Amino acid sequence: MDGARTRRIPPLRIWVWTAVTLVVAAVAVLLWRTSDVAATSSTTAAAAPDVPASAPAAALTTAWSTAVTPPADRVVQSGRVLVTDEHGLAMVDPATGQEAWHYRRADATLCDATAVDGNVVAVFRGTGRCDEAVGLVADTGVRDWYRNVPFGPELELTSTGRIVLASSSTGLDTLDPTGTTLRWHHDPAADCQVVGSTVGTVGVTVLQRCGGSLQVRLLDGFSGEVVWTRDVDTGADTARIAGADQLVTVVLGDRVLVLSPADGTTLTQLQLPAGSDPLGEPLLQTGTSDVALLWARGTLYALDRTSGQPRWQVPALGLPAVSTDETTLTVAEDGAVVQRSARDGTERARSQVGSVPAGGRTSLVGPVVVQATAGEVHALR
């Protein structure tokens, strides 16, 4: 052999194991690249700084604005502002609009999102249905929970404290915003069709058409049990649910039917200005412990929670922000942002402003006024 070493050929089993290992590794890489993990872009942030206690300045200008789609039900939480886009969401600084953290899915479409109880709840459409829900800590972007959900291809989320309502073609469902619990599911009767729904402090209000009649139904927000059901005579008018905060309100053409949350009896009716298209305008409602606040057709109504009668009303561009102690409202009006008494509507302070988009929900984050409409989020400071 002339001193040369004989080359040893590895046994066949070594070649087989090597080939199998390479195949497994290649498959793993391929699966990762096509997985939700690889398609998800997620960042986190340090806790938001404390919100300054100062009031809005005497003159406000636009600090930033951004288009959003889909529009979120509630956008301000834990000192940050929620903005949405086709594939996800971000929480931004209220004063600058600078991104603090984001969560986006390149392989999915955002069906809807809302910010409540310290979390952002978002539902994504991965295939043909809105079937993946995630809860993210609003302050930091850390994922709090994740679960599969049985919603339809189109979805609307509305929220109140401790309840997120999901309305889709598969019925009504409620989620716990701080956990993975899907509390209850509600299907209309076989001959009924849900035409509107919302959640508020008194529960989940459903507008449904059953045969030839229209019904309003109140469900307990936590159990889903029916509290009451009543028929509504609409005549030739179009009906829409307005809200379920302190009182249940239904708009019938140019009338607002104000219903008792206890038994659904009619407390009063409001007459709205005629001439506007009710389907072309949003209907918004919130409340304090003392009044229900309804915005419809350019007017803010403060309705007594016992009688349903208006205590006061003012022209406004949307739903006001409510102070922590529920005594002061920050109302966007034509050319100004006005702080008013929740009890009687008297003016307490006024900030001049050039322009505020109409039809939105106002929030106050220290000295920053945030106005969220169906198409954009707008910040003034």
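# Strands, loops and side-chain contacts

Strand β18 (residues 213–219) pairs with β19 in the antiparallel sense, over six bridges. The model is a predicted one. Gln 215 has Asp 231, in β19, as its bridge partner. As general background, the strands of a sheet pair through backbone hydrogen bonds, and the pairing is either parallel or antiparallel.

## Two open sheets

The pair just described belongs to an open sheet of four strands, which has the order β16-β17-β18-β19 and antiparallel pairing. Its edge strands are β16 (192–200) and β19 (226–232), each of which pairs on one side only. Direction ignored, neighbouring strands in this sheet are turned against each other by 20° on average.

Another open sheet of four strands follows the order β8-β9-β10-β11, with antiparallel pairing. At its edges are β8 (109–116) and β11 (143–148), each pairing on one side only. Here the average turn between neighbouring strands is 15°, direction ignored.

How many bridges join β8 to strand β9? There are seven, and the two strands run antiparallel, with β9 covering residues 119–125. Thr 114 stands opposite Val 121, a residue of β9.

## Backbone angles in the loops

Most residues other than glycine have a negative phi, and most peptide bonds are trans. Three places in this model can be set beside that rule.

The peptide bond from Thr 69 to Pro 70 is cis, and its omega is near -5°. Pro 70 is placed in the loop between β3 (62–67) and β4 (76–77).

Ser 78 is a residue other than glycine with a positive phi, near 55°. The loop that holds Ser 78 runs between β4 and β5 (80–85).

Asp 117 is not a glycine, and its phi is positive, near 55°. Where is Asp 117 placed? Asp 117 is in the loop between β8 and β9, two strands that are joined by seven bridges.

## Glu 347 and its contacts

Glu 347 has its place in strand β32, which spans residues 347–353. The side chains of Glu 347 and Arg 350 are joined by a polar contact of 2.9 Å. Which residues does Glu 347 contact when its neighbours within four places in sequence are left aside? They are Val 338, Gln 339 and Arg 340. Gly 243 is 104 residues from Glu 347 in sequence, and the C-alpha to C-alpha distance between the two is 25 Å.

## Exposure of three residues

The table gives the relative accessibility of Glu 347 and of the two loop residues with positive phi.

| Residue | Relative accessibility | Class |
|---|---|---|
| Glu 347 | 42% | partly exposed |
| Ser 78 | 35% | partly exposed |
| Asp 117 | 33% | partly exposed |

Why does Glu 347 count as partly exposed? A residue is buried under 20% and exposed over 50%, so Glu 347, at 42%, falls in between. Ser 78 is partly exposed because its 35% falls between those limits. Asp 117 is partly exposed because its value of 33% does so too.

## Rings

The structure holds one aromatic pair. A ring takes part in another kind of arrangement with a charged side chain: the charged end of Arg 105 sits over the ring of Phe 124, at 5.6 Å from the ring centre.

Terms used. Residues numbered from 1 in each chain as written. Predicted model: local features only at pLDDT ≥ 70, side-chain atom pairs only at ≥ 80, totals over all residues. Heavy atoms only, no water. Phe/Tyr/Trp six-rings, centres within 6.5 Å; stacked < 30°, edge-to-face > 60°. Lys NZ or Arg CZ within 6 Å of the ring centre and 35° of its normal. Buried < 20%, exposed > 50% of the residue type's maximum accessible area, 1.4 Å probe, protein only. Contact = heavy atoms within 4.5 Å. Polar contact = N/O pair within 3.5 Å; in protein donor to acceptor, adjacent residues only side chain to side chain. Pairing = 2+ DSSP bridges. Axes fitted to C-alpha atoms, helices over the stretch in contact; angles between N-to-C directions.
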